[in-house]
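Me: I have a model open and want to talk through its fold. Can we start with the sheet and work outwards?

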Amino acid sequence: MFVFLALPALVAIPVWVIAVVVKLVSVALPGRRADWSLDLLRWCAAMAAAAAAGLYVLGLGAVQLSEHESQSGASSSPAPSCRDAVDDSTLQHLVGHRTSYVPLRFDCVLDDGTTYPSSSGYAWLNGLTAAFGVTAGLLVVTAGLVTEARARAHTNRASV
């Protein structure tokens, strides 16, 4: 299910990058409206939230694809993602895998109960998703503070 959602996210990433570059160029060029800063804050918050959601959906698709590969077809056990980059001695002790969607991970389980990550890519996805999510939240708070400051300034001017 999530794999099918990850495919549109793959298409959306270049569109997102182009939109960000075009917006950065438009900010650098002269001729902006006087109130462009608040709109820019809101737009940046929306783009950061979109990036966080897109990365998380990509990660969901990757975890589910690894899960699917480990349950179907010939040579599916142990999971292909668990045996790709390990030596033969580790492969002999491999007994299964664990998946997690929060945080994103696909861990390989050894016979002594220890685990190792099937890919370091999940750490990157989790980190970038969190960074974009926190950035979006901070930008929303900043936009709220700017709006409040403008409203107070307008009220102070009106009462004078």
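**Strands, a buried aspartate and a long helix**

Reply: This is a predicted model. A place to begin is R98, which stands opposite D107 in β2.

Me: Which strand pairs with β2 on that side, and over how many bridges?

Reply: Strand β1, residues 94–101, is joined to β2 by 7 bridges, and the two run antiparallel. G96 is another β1 position to look at, standing opposite V109 in β2.

Me: How many residues are in the hairpin connection from β1 to β2?

Reply: The hairpin joins β1 to β2 through 2 residues.

Me: And β3, what does it pair with?

Reply: β3, residues 115–117, pairs with β2, again in the antiparallel sense, over 3 bridges. Within that pairing, V109 stands opposite T115. β2 and β3 also form a hairpin, with 4 residues between them.

Me: Which residue in that turn has a positive phi?

Reply: G113, at about 95 degrees.

Me: Is β2 enclosed or open, and why?

Reply: Largely enclosed by the rest of the structure, because 6 of its 7 residues (104–110) are buried.

Me: Back to D107. Buried or exposed?

Reply: D107 is buried, with a relative accessible area of 7%. For reference, the cut-off for buried is under 20%. D107 lies in strand β2.

Me: What does the D107 side chain make a polar contact with?

Reply: With the side chain of R105, at 2.7 Å.

Me: Which residues further off in sequence is D107 in contact with?

Reply: Leaving aside neighbours within four places in sequence, D107 is in contact with G96, H97, R98, T115, Y116 and P117. Of these, R98 is the residue standing opposite D107, and T115 is the one opposite V109.

Me: Changing topic. What is the order of elements from the N terminus?

Reply: The chain runs α-α-α-α-β-β-β-α, with 5 helices and 3 strands.

Me: Is the chain compact or spread out, going by the radius of gyration?

Reply: It is more spread out than a compact globule, because the radius of gyration is 23 Å, well over the 15 Å that the globule rule gives for 160 residues. Along the principal axes, the C-alpha atoms fill a box of roughly 80 × 30 × 25 Å.

Me: What share of the residues is buried, and what does the surface consist of?

Reply: Of the 160 residues, 26% count as buried. The chain exposes about 10100 Å², and carbon and sulfur atoms supply 68% of that.

Me: How much of the contact set joins residues at least 24 apart?

Reply: 57%, among contacts between residues at least 6 apart in sequence.

Me: Last one, helix α5. What is its span?

Reply: The end C-alpha atoms of α5 (residues 121–159) are 57 Å apart. That agrees with the 57 Å its 39 residues should span at 1.5 Å a residue.

Me: Which α5 residues are buried, and what covers them?

Reply: Y122, L125, T129, A136, L139 and A143 are buried. The cover over the buried residues of α5 includes α2 (36–69) and β2. β2 is the strand that also holds D107.

Notes:
Residues numbered from 1 in each chain as written. Predicted model: local features only at pLDDT ≥ 70, side-chain atom pairs only at ≥ 80, totals over all residues. Heavy atoms only, no water. Buried < 20%, exposed > 50% of the residue type's maximum accessible area, 1.4 Å probe, protein only. Pairing = 2+ DSSP bridges. Polar contact = N/O pair within 3.5 Å; in protein donor to acceptor, adjacent residues only side chain to side chain. Contact = heavy atoms within 4.5 Å. Rg over C-alpha atoms; globule rule 2.2 N^0.38 Å. Areas by Shrake-Rupley, 256 points an atom, 1.4 Å probe, with all protein chains shown as cover. Expected span 1.5 Å × (residues − 1).
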